[in-house]
Each structure stands twice: as structure tokens, then as C-alpha cells.
Amino acid sequence: MTRRRRNTLKQQPGTELAEEAQKTDSSPSLCTPTTQYQHFIPRFILRRFQVGPVKSTTERRTEFRRTGIDPEYIYYYDIATGSLDIRPIGMVYGVTNVYQDVRNTNNINELEGKLAELECQAASVIMDLHKALPQGTFTLNRRSLELLRKFLFIMHYRNVSYSGTYFQADHPENAGARQWIEAFMKTKGIQSPVEIWLHFLRYYLDTSHSDIMRDAAELVEKYGEEGLQQMMLESHIPPDLEHFPAYTYHIHANSYFFSIWEATEGEEFIISHNAFGLWEGLGGGCPGLHRIFVVSPRIAIVLRHVISRPEWKEYMYMKPGVFVSSLLNVNPVPATPIYASGEHGTHINRVNFESAMSLARYRSSQEGGSDSFVFEITKLSRPQTLEFNFVVLVNVTKTGSLTFLSREGMLRTARAF
């Protein structure tokens with residue numbers, strides 16, 4: 001039986017952005033409103049694109065009390081109408097009641113409150129990342145890195161486009177999991193795909209990164225990586241695998257290395273309705289060489305598939321067409337680990353790197369939690385920055401939207417596009 005730890009991190013000293021993340025869209029209480037506009041791109045990220053001077057929390061509250069208007073605005077380009085407006089942050093990149101759990105009669109908006117807590121923690125780390133830009137490197141301890149990985153995964157999972165189809169039993173892309181989905185819904189008394197989506201959103205939010213990885217490791221130890229992959233390919237996931245979604249999280253965490261990209265001086269990244277967790281490129285014929293998360297006009301966090309790591313790159317590039325991507329001319333360097341017990345310390349020596357459970361136990365241990373990772377910030381050239389924005393633009397749908405910090409920067413991107 002896996003021992004559970006409550007998914008909380010020690011609260012870091014507050015900053016304006018981190019403080020506001022905690023107050024995003026809900027604060028669970030007896031008076032929680034039944035109708036909420038709930039964001040799928042966090043407000044603390046949208047504030048980085050804010051038009052005009054950024055106001056403090058106190059200034060915003062004072063102005064709101066005086067005028068009744070939320071004094072935070074961003075540029076918003078509506079693709080369908082071709083119109084450019086300045087809109088309130090509180091009314092864009094969200095959907096009403098998308099995270100409401102009607103089965104939770106005590107607080108139907110509880111999940112939104114849990115998302116706000118996670119955003120608060122992530123906002124603090126991302127604030128520190130911005131402060132580290134002049135140094136060219138950024139150091140994270142293991143727990144903070146795990147927090148960011150979990151935040152990025154949930155930002156992908158929470159996307160509204162998945163809520164109704166992620167666990168839809170008769171959806172063509174779910175053919176391999178249909179039997180498992182139907183059995184799980186029956187066992188848990190779940191009536192709809194949205195309810196099962198919310199069920200696992202709660203699992204991901206309530207369970208620490210370490211415990212999710214231990215749940216996945218139990219599956220890997222029992223069935224093997226190849227066995228689990230075969231289950232999906234052969235359309236047969238045993239109905240009794242309650243924590244199979246932990247394996248999805250495991251793939252996301254283990255298959256991609258974390259990198260930080262900085263826009264060149266004088267240019268900026270843009271963001272769209274679907275650019276927070278956007279898939280890009282092919283690796284070995286499989287989609288998703290990159291996962292893109294724009295966190296500000298200056299910074300994008302990019303998860304790049306491990307098959308493109310430097311130590312594999314020479315071998316993989318010998319195969320024509322193995323990689324197809326618009327971002328191959330960017331060469332991020334994987335983080336340099338600093339093990340608390342030394343590179344060949346006793347704790348490291350006891351780890352069986354071929355065992356998913358051995359790795360999960362070490363990483364969740366006190367010793368593993370003391371490890372840190374040094375990231376070299378990848379500074380893009382002007383052509384690389386514009387090419388990155390091209391990837392965002394080419395994936396915008398006809399009903400989508402775009403946001404940018406400055407008209408001049410967007411105009412340069414549009415002309416290059």
C-alpha cells in the first residue's frame with residue numbers, strides 16, 4: 001500500500017504575482033458562488049502580458065471598490081472576427097464553471113480552489129526564474145522542479161478541450177481504454193466523461209508528484225513499460241488498474257527533459273488560447289517532440305523529448321527524417337544534477353536505475369529531496385524567437401485568440417509569419 005503525503009509545499013515568502021495566483025478565481029468558503037469564470041490559462045501568467053503599468057494588490061482592490069471594474073487588461077485578438085480589443089484579464093482564457101464538481105455538495109468549486117493553491121506555488125517559482133535571467137542559469141531543488149512538472153502536466157490536463165473527451169468511452173482515440181473507462185465508471189458510480197475527468201483532476205491535485213510516480217512505478221514493476229504500452233496498442237487495459245492515469249503522468253515526467261527558453265532582446269513571445277501545453281514536432285514518427293508552455297513574454301518552458309538529448313542526438317540524427325520540427329535549430333542543454341550526497345554518494349549507489357520503484361523511492365526520500373538541478377537558460381536569437389512564435393501562430397484555430405505584450409512586437413511576428 002502506497003503511503004500518502006498531503007500535497008502541500010512549504011509556503012514561500014509572498015510576491016505580488018504569487019499572492020494573486022492564490023486569489024485567482026476562488027477561495028473556498030461557505031459563501032462560494034455557484035457561478036464562476038474559471039481560467040485555463042492562469043491569471044498570474046496573463047498578468048505578464050498586461051497593458052499599462054502593473055498595479056499592486058492594494059491598488060487593484062482600491063480601484064475595484066471605487067469603480068466596480070477589474071483594473072487589469074490585455075490585448076486580445078479574436079481570430080474569428082479579426083478584431084483586436086483590450087479586455088479584462090478576468091474575462092478571457094476561461095470558461096464558466098468548467099471545474100465545478102456537482103457531486104461535491106459541500107463546495108462545488110473546491111477543485112478550483114485546489115488549482116489556485118497549485119498556481120500560487122508555481123507563481124512563486126516562476127517569479128524566481130524571471131529574477132534569475134541576468135545570471136543565465138536557474139537552480140531548482142528537486143521538490144520545486146517536481147512542483148513545476150506537476151503544474152505543467154495539470155495545465156495540459158485541465159484544458160477545457162479535454163474535459164468532455166479525455167475519458168469518453170466511445171471516442172475513437174480512446175479505443176484502447178474503452179473497457180477500462182466503462183469498468184471504472186461503473187465501480188465508482190460515475191455517470192459521465194466529465195465526472196471521470198474531474199475525478200482524476202482531483203487525484204492529480206491531491207496526490208504529491210512522488211506518490212503519483214510511486215503509483216505508476218507499481219504498474220511498471222508489475223507489467224513492465226513494454227507491457228503497459230502493449231496494453232494501449234492492443235486495446236486492452238485491465239479494468240482493475242485504478243491508477244492507470246498515473247502512468248500517463250509517469251510518461252510525461254520521464255519522457256521529456258525540462259528546458260528554459262528566453263526570447264531575444266527586443267522581441268517577445270506571444271500566447272494563444274492553445275499555446276499553454278502545445279504539442280510540436282515529430283520524433284521517430286511520434287507526435288510531441290516538444291511541449292510548449294509560454295509563461296511570459298520573456299520566458300517559455302519547453303519540454304523536449306529525451307530522444308533528442310545530446311548523448312542520443314548523434315545516433316538519432318543519422319536516421320533521415322527521424323526528427324521533424326520547426327525548433328530543431330534550438331539546442332537546449334539538460335539540467336546538471338547536484339546530488340546532496342555527492343555524485344557517487346551512498347544513497348545514489350543504492351539506487352537501481354533500472355527499477356522504476358527504486359528510482360521513485362529515492363526521489364521521494366529526504367535525501368533525494370535535497371538534490372538540486374542547474375538549468376542553463378537557452379537564449380534564442382531573433383530568427384529563433386520569431387520561429388517559435390510561428391509555431392504558436394500556425395496552431396491557432398479559426399475560433400481561437402492571441403495575446404501579446406506590445407503591438408510593435410506582434411507586428412514584427414506577423415510580418416515574419
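This is a short dialogue on reading ring contacts and strands in a predicted model.

Me: How many aromatic pairs does the structure hold?
Reply: The structure holds 29 aromatic pairs. One of them joins Tyr 203 and Tyr 204.

Me: How do I read the geometry of Tyr 203 and Tyr 204?
Reply: Look at the ring centres and the angle between planes. Planes under 30 degrees apart count as stacked, and over 60 as edge-to-face. Here the centres are 5.5 Å apart and the planes meet at 50°, so the pair is tilted.

Me: What kind of pair do Tyr 204 and Tyr 249 form?
Reply: The pair is stacked, because the planes lie at 25°, with 6.1 Å between the ring centres.

Me: Which helices does that pair tie together?
Reply: Tyr 204 belongs to helix α8 (residues 193–206), and Tyr 249 to helix α11 (residues 244–254). The pair therefore links parts 45 residues apart in sequence.

Me: Are these two rings buried or exposed?
Reply: Buried means under 20% relative accessible area. Tyr 204 is buried at 1%. Tyr 249 is buried, also with 1%.

Me: Which residue lies over the face of Trp 279?
Reply: Arg 291 does, at 4.3 Å from the ring centre. Likewise, Arg 309 lies over the face of Phe 257, at 5.8 Å from the ring centre.

Me: Which strands are joined to β10 by bridges?
Reply: Strand β6 (residues 256–262) is joined to β10 by seven bridges, running antiparallel. There, Trp 261 stands opposite Ala 300. Strand β9 (residues 286–294) is also antiparallel to β10, with five bridges. A hairpin of four residues connects β9 to β10.

Me: How many residues of β10 are buried?
Reply: Six of the seven residues in β10 (residues 299–305) are buried.

Note on methods. Residues numbered from 1 in each chain as written. Predicted model: local features only at pLDDT ≥ 70, side-chain atom pairs only at ≥ 80, totals over all residues. Heavy atoms only, no water. Phe/Tyr/Trp six-rings, centres within 6.5 Å; stacked < 30°, edge-to-face > 60°. Helix = DSSP H or I, 4+ residues; strand = E, 2+ residues; numbered from the N terminus. Buried < 20%, exposed > 50% of the residue type's maximum accessible area, 1.4 Å probe, protein only. Lys NZ or Arg CZ within 6 Å of the ring centre and 35° of its normal. Pairing = 2+ DSSP bridges.
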